[in-house]
4 protein chains.
Amino acid sequence: MGKNKLGVSIVGALGNDATLAVVGVEAMKAGLADRTGLVTELADFKGLGLANPDDFVFGGHEVREGDLVRSAAEYVRDNGVPTGELLAKLEPRLRAVSREIRMGTVSGCGEAIRAMASPAARRDAAPLRQQVRDLQADLLDFKKRNGLERVVVVNLASTEPAIDPPPEFASLGAFERLIDANPRNVVPASVLYAYAALDLGCPHINFAPSLGCSVPALDELSRRRGAPHMGKDGKTGETLLKTVLAPMFQARNLRILSWEGHNLLGNRDGEILHHPENNLAKVRDKDIVKKLLGDKAHSRVLVDYCPSLQDWKTAWDFIHFEGFLGTKMRLHFIWEGNDTMLASPLVLDLVRLADLAQRRGESGSMPQAAGFFKTPYLVDEIAFPAQMEMLRAYARKAAETPAAKPSGEGAAKAPAPVKAGAKKKVATKSAK
Amino acid sequence: MGKNKLGVSIVGALGNDATLAVVGVEAMKAGLADRTGLVTELADFKGLGLANPDDFVFGGHEVREGDLVRSAAEYVRDNGVPTGELLAKLEPRLRAVSREIRMGTVSGCGEAIRAMASPAARRDAAPLRQQVRDLQADLLDFKKRNGLERVVVVNLASTEPAIDPPPEFASLGAFERLIDANPRNVVPASVLYAYAALDLGCPHINFAPSLGCSVPALDELSRRRGAPHMGKDGKTGETLLKTVLAPMFQARNLRILSWEGHNLLGNRDGEILHHPENNLAKVRDKDIVKKLLGDKAHSRVLVDYCPSLQDWKTAWDFIHFEGFLGTKMRLHFIWEGNDTMLASPLVLDLVRLADLAQRRGESGSMPQAAGFFKTPYLVDEIAFPAQMEMLRAYARKAAETPAAKPSGEGAAKAPAPVKAGAKKKVATKSAK
Amino acid sequence: MGKNKLGVSIVGALGNDATLAVVGVEAMKAGLADRTGLVTELADFKGLGLANPDDFVFGGHEVREGDLVRSAAEYVRDNGVPTGELLAKLEPRLRAVSREIRMGTVSGCGEAIRAMASPAARRDAAPLRQQVRDLQADLLDFKKRNGLERVVVVNLASTEPAIDPPPEFASLGAFERLIDANPRNVVPASVLYAYAALDLGCPHINFAPSLGCSVPALDELSRRRGAPHMGKDGKTGETLLKTVLAPMFQARNLRILSWEGHNLLGNRDGEILHHPENNLAKVRDKDIVKKLLGDKAHSRVLVDYCPSLQDWKTAWDFIHFEGFLGTKMRLHFIWEGNDTMLASPLVLDLVRLADLAQRRGESGSMPQAAGFFKTPYLVDEIAFPAQMEMLRAYARKAAETPAAKPSGEGAAKAPAPVKAGAKKKVATKSAK
Amino acid sequence: MGKNKLGVSIVGALGNDATLAVVGVEAMKAGLADRTGLVTELADFKGLGLANPDDFVFGGHEVREGDLVRSAAEYVRDNGVPTGELLAKLEPRLRAVSREIRMGTVSGCGEAIRAMASPAARRDAAPLRQQVRDLQADLLDFKKRNGLERVVVVNLASTEPAIDPPPEFASLGAFERLIDANPRNVVPASVLYAYAALDLGCPHINFAPSLGCSVPALDELSRRRGAPHMGKDGKTGETLLKTVLAPMFQARNLRILSWEGHNLLGNRDGEILHHPENNLAKVRDKDIVKKLLGDKAHSRVLVDYCPSLQDWKTAWDFIHFEGFLGTKMRLHFIWEGNDTMLASPLVLDLVRLADLAQRRGESGSMPQAAGFFKTPYLVDEIAFPAQMEMLRAYARKAAETPAAKPSGEGAAKAPAPVKAGAKKKVATKSAK
């Protein structure tokens, strides 16, 4: 039975998405919640041998002080969901998970995030290599104490400022040398976390808009270590609608003249995005219309902070399009979704898919999971229906050749952490 | 060159959809319009040997007095599109097409339509068989005078009251006997038109919500005569969005609690739909949410008459859905489309696809065209992305085995009209 | 201190509006809620000597079984507001108020309401005069046991079917004779309640769309007994917006072509309104556009039942208007309000205003309160800004001549209940 | 009859608002348009002796090359309204008005406007005093050639960058000295135009967001010359709604948490506002929510350029508010108005009101016209209903003491233009 357990180590473990992912799974374990919102519960994905959320064991890193009981209570107070009654019942479970959370790092995260972090997380002065080793030590300790053979690491931390990746990110060798060279502010924390995880053979999911594992060097590492990875930027609301509606207009040969999107949100994410440098990272990923339609259409995506909304993302999209005989027509939509409630179940889906992929012997990026991301790594397909068809096709094929039992051998065979200067000895599993 | 010509005979030839389809094609011929809004102009459908709209020759039936110059002018006056300047340039062409329009029938169409028809069209007293023969004589005359080898007949007339098809519609034999028995008010005009066309070997498209060719007996006839057919009820706006958005919610395992749609329109369609019996036919086809989600979700579709809108259909859809941990969320959309401008180019697409199918030796209903209809005959797939994938797959296959040149042999070989008592001698081409 | 106490007897005492009015006031008494949403708390209404909600003592009638603890808990479960924590703290208070609630009557209320009532409330067989006496006995008992000198009676019960008032409602004499004649189904319960209250000298507020006190006979009674009254149909959401926006269009000389409103709600009100006869009453009151603009504009108001919304009324209004040079323009609004949370504080306002009016020696209908109602009795002004100016003007004048202390003498002097055949002896106070 | 003629000299005479104001009035003269959209045509303003639009004689200044026939044709092409047929009929009239338009100045207007101006209008190098004299010479010539006794000057030019008025604007004396001192880029063109007009005794209306006459020095001049003035920034759409809806929330004691407005437009105005410095001026005037609610509510106003919309301003406003028991609720509105069609008739209203005020012997700012402006000069009242009540009260009083016949004596008595150094001799008419 212990063999079925799956470790889930979350970066940003006290953030909203993490808090509700834990609340949700613990509520499922307690028989207090169903699985609405989990894609992998659909009939299309039966019989694949996916891990059961009931077997998830949570841990992670966080840069603020606190614990899950408090962050869940604040969430309920601010958002009105879920009920206080539910939280009360889960309190001992949340307290237990909180004990698995370690202090993380805000190295290279920019001022907005640094300002809200605990002093203990402001580790920019520590050598990068040391930071990586510390993160890995935490992960290994998490595995050991919980008797885990498999751990998936998920990044749910606040958006870092947009960066232009340095040339050293293009190959694993150069990347390793860069880590050892220890330059300041070049390697964002999201990349360090991804490196630490993949290097330990832990699959990595980057659900944040930060760079994370969307880096050639880390893709190379993923293939070497047999640890699949995917990112970046979860597709939960307005962008999801865009990637569903834009293909509709295209399929009808209607010319999109303008697509203007205005997103309002009021949670910590919104507050961080209030900083222009962090906002840029988000808006870049969201401007899917440009990717879909090129420069023919006028498009704009705004993400603005509106404190009273808390997590209730509210977006207005205006689509101006031209049809037959030059006739201009209009579509407006108003989306009122709770961002965290939309994101958390997808995080659980991705944990299951990453774990499945690893057990199936796959590595590198996970194109089958493209539909979960605004900027799916190494995938050109942006239309959501086509992306979901990719996932269904993967599932059909996977059902034919079931994965090895989650007995954990794979994880046991995972190579030792990379030490500087020792990388070449690692056997390449699936690099192409 | 005459061999390339394709006859397009429209039932409801002075209605908005018909008027703008003709205006659009004539504007294309004159180099005054592009092909935005035509699905068959997309890259996916190149190289199939589709008929060129420049080769379309229009004719048809209508039950009101008038001509295309007047109906086009009224359209511009009421809707503000297209420009009066364009119409002025097309006037001689519209006048010429008007000369090809014959008086139709409102037999079995209900009071609302009857009331707006010319006395000459109120032919309920004429024997059904005679009415069919008259329609066929008009079609044959249209072919002859214009030197046409191929004619596609399209139904764009106002919505008839919803009927429960009589048992005699289940097979061609019983249907023929019913026509000869000549009962009152049992066979709506849309069915008579479809019968007349298919029996002459002319493909038939029913873009209206009326019953038309969505009848087993006529499907049987279609297969015998080698004349493909498809219907019913063109999918242009709010329903299109539904069949795009509902699959999105399903793909994310979000539970739709309620889907409330309120459509307003002010054209003749809206006026006709003001009559409860006609409204019912429309609303039935539109309640796609019930078909998609079963009875789990509360759904309602309203179609109301709002005279000032004319053709500018305006719809509000409210979608209430439940996600993770029972969280209720919301999507609103407001659609502001010109119904006619959305419908007319699709009519041209369907004419091309029906003609192509006939030239490819196909018959019976056209599942590849399911995405154009609210209630695609004999097709269960309702999701628009999947429907379009069906069309693309058809096109890929068709591109491999191109159709015979549009030399019209097929049409020349078309069997003579069915005479009462002589049906059994007709060779069955593709009945299964 | 007992002299300050004000009795508030609610018809429909376990309905949503009543439940939340009580919850709100009890929360205020406990220092757990502020007074947001109470109009009479605005600076304009300071210094008038209005009763303090802290001094309200609740009682009332209800036709279903249950108590306030349960109805409040169901409200929170269904609507997510207010918090369960608040309810837990108020439980003893709600239990105490529940003990003051008596079984009412559904006499003349139509099938929809009858079907959800307790058998004990189905009193159609009892003589009308007896029903009135029973209600009055309950009120007198409520006063006595709580040591109350003043009681305001408020109707918050479900909407009764629309009726055309019989001619006997035109004068008090004819009305009394009708009550004694005891015809079936002619006098709806809302009228009986209003009669019972006014006859005892208790001011009456009819916040429901039912007929209630909007009857000449009862207005006459109000003037005789010195008990002010007002109705009908509280103006809380979409209609409020209409009476604010329509005057704006008029002030700009913009011609409203169409005003289409579609209301969705899912509470018991929505369920009752699902019955066409009850819906009619509601829609009649709501079609304020017709009253404002006459027949020039096309207007439609729909109220539909959408169970998942519960109390969260969601309305889309589409306003099509014409400006300079015949240009058609558009306004859409989408209102998402919690009907009960909007209504309850207004109920408290009206109780205060009715009590103030009585203490000021006023009687008959209360035109100053017109802005609180969709169909203000005997008031032609529909524009909300003008209605509020009426209230402010009343307040300015009232501030100059303060009301008598709420010492209750007025109530002490209130005439004895009218007995059949004894009406003429009652001194007329303010009949005109 | 010539005595009835009223000169209307427009700054920005080929802009959209100017073009359509002229088109509208000329269409009225030709019997081709009604007066929908003119506030002063409402019953409240009958019997005041307002000038008849049929008597308007148009002239003005413009900084781009062109004429009204072309600008009107471009307007119709881009916006679809009014019809090309109407323009064709008005062509000779528009040609005639075009001959009255003189080259203006872009002195102090910022780069965005400068870039689109004719070189002849780039007069920054000319002394300010000379520029004023040139403008005045044009006005006098306009009067003389058309036999006009009264001329109202209206600013409809593009928005200038926001400026902090220099201290010299605080009094007429200092202002005159500043003009003579001729500093660069301190005095925007809108102020020069206002000065030139008022100094000639011509009433001035500043409908643009630019500073214009909203300057103490010019108010002083207005009072001296007996030439009323008013500004700034016409209130046409989204802001109008705000000043109607915000008072509604306040009247119901509902707490506005956030008010987020996003305006899109695509005309030249939008293009100019694309420049951050010009946008600032606009957004400042629009943030009426801050003025109404102070800093308690979070508010944001965005004005973005969306080329395909042309003049069809489309705005989404999201209002988040809190009611009883802390319940958060929502209102969305979507406004789709043609900005020019909304503005032009108001311009005609203001011309009438300014002319009336002058004939009634009034001077200084016109508080009665506050409801026409986003930032009414010297008026604190922002609520539209209250502003309109001010206008109605003014009208009621004005109806009691009718204005002198428009015989032009007032204008004849207007003092001579101020000459530098000669100001003190001018009799003060109404300075306080």
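Visitor: How much area is buried between chain A and chain D?
Guide: In this predicted model, chain A and chain D bury an area of about 2,200 Å² between them, and carbon and sulfur atoms give 60% of that area. The contact takes 28 residues from chain A and 28 residues from chain D.

Visitor: Which three residues of chain A supply the most of the area it buries against chain D?
Guide: They are A:Ser308, A:Trp316 and A:Arg330, which together supply 26% of the area that chain A buries against chain D, more than any other three residues.

Visitor: And what rotation superposes chain A on chain D?
Guide: A rotation of 180°, with 0.0 Å of shift along its axis, lays chain A on chain D with an RMSD of 0.0 Å. The two copies are therefore related as by a two-fold rotation axis. In addition, 100% of the interface residues of chain A are also interface residues in chain D, so the copies meet through the same surface.

Visitor: Now chain B. How many residues does the contact take from chain A and from chain B?
Guide: That contact takes 61 residues from chain A and 61 residues from chain B. The area that chain A and chain B bury between them is about 4,600 Å², with 69% of it on carbon and sulfur atoms. On the side of chain A, the residues A:Arg252, A:Phe324 and A:Leu325 supply 20% of the area buried against chain B, more than any other three residues.

Visitor: What turn lays chain A on chain B, and which residue of chain A comes closest to the axis?
Guide: A turn of 180° with a shift of 0.0 Å along the axis lays chain A on chain B, with an RMSD of 0.0 Å. The residue of chain A that comes closest to the rotation axis is A:Phe333, whose C-alpha is at 2.1 Å. The same surface serves both copies here, since 100% of the contact residues of chain A recur in chain B.

Visitor: Different topic: in what order do the six strands of the open sheet in chain D come?
Guide: The order is E3-E2-E1-E4-E5-E6, and the pairing is parallel. Strand E3 (101-103) and strand E6 (229-231) of chain D are the edge strands, each pairing on one side only. Neighbouring strands of this sheet are turned by 15° against each other on average, with direction ignored.

Visitor: How many bridges join E2 and E3 of chain D?
Guide: Strand E2 (residues 56-62) of chain D pairs with E3(D) over three bridges, in the parallel sense. Within that pairing, D:Arg102 in E3(D) is the bridge partner of D:His61.

Visitor: Which strands do helices H1 and H13 of chain D meet?
Guide: Helix H1 (residues 16-29) of chain D packs on the sheet, where it touches strand E1 (6-11) and E2 of chain D, and its direction makes about 160° with that of E2(D). Helix H13 (residues 339-359) of chain D lies across E1, E2, strand E4 (151-155) and strand E5 (204-206) of chain D, and runs at about 140° to E4(D).

Visitor: What about helix H7 of chain D, is it mostly covered or exposed?
Guide: Helix H7 (residues 189-199) of chain D is mostly covered, with 11 of its 11 residues buried, including D:Tyr193 and D:Tyr195. Just after H7(D), D:Gly201 takes a positive phi of about 80°.

Visitor: Last one: which residues touch the most other members of the largest nonpolar core?
Guide: In that core of 186 residues, they are C:Leu245, C:Phe249, D:Leu245 and D:Phe249. Leaving aside neighbours within four places in sequence, C:Phe249 is in contact with several residues, including C:Trp259, C:Phe321 and, from chain D, D:Trp335.

Conventions:
Residues are numbered from 1 along each chain as its sequence is written. Chains are lettered from A and ligands numbered from 1 in the order in which they are written. This is a predicted model: local features need pLDDT of at least 70, side-chain atom pairs count only at pLDDT 80 or more; totals for chains, interfaces and linings use all residues. Side-chain values use heavy atoms; hydrogens and water are left out. Copies are superposed by least squares on the C-alpha atoms of residues with pLDDT of at least 70 in both. Contact means heavy atoms within 4.5 Å. Two strands pair if DSSP finds at least two bridges between them. Helices (H or I, at least four residues) and strands (E, at least two) are DSSP runs, numbered from the N terminus. Axes are lines fitted to C-alpha atoms, for helices over the stretch in contact, and angles run from 0 to 180 degrees between N-to-C directions. Buried means under 20% relative accessible area, exposed over 50%, partly exposed in between (1.4 Å probe, protein chains only). A nonpolar core is a set of buried Ala, Val, Leu, Ile, Met, Phe, Trp, Tyr and Cys residues joined through side-chain atoms within 4.5 Å. Buried area is the accessible area (1.4 Å probe) that two parts lose on being put together, summed over both.
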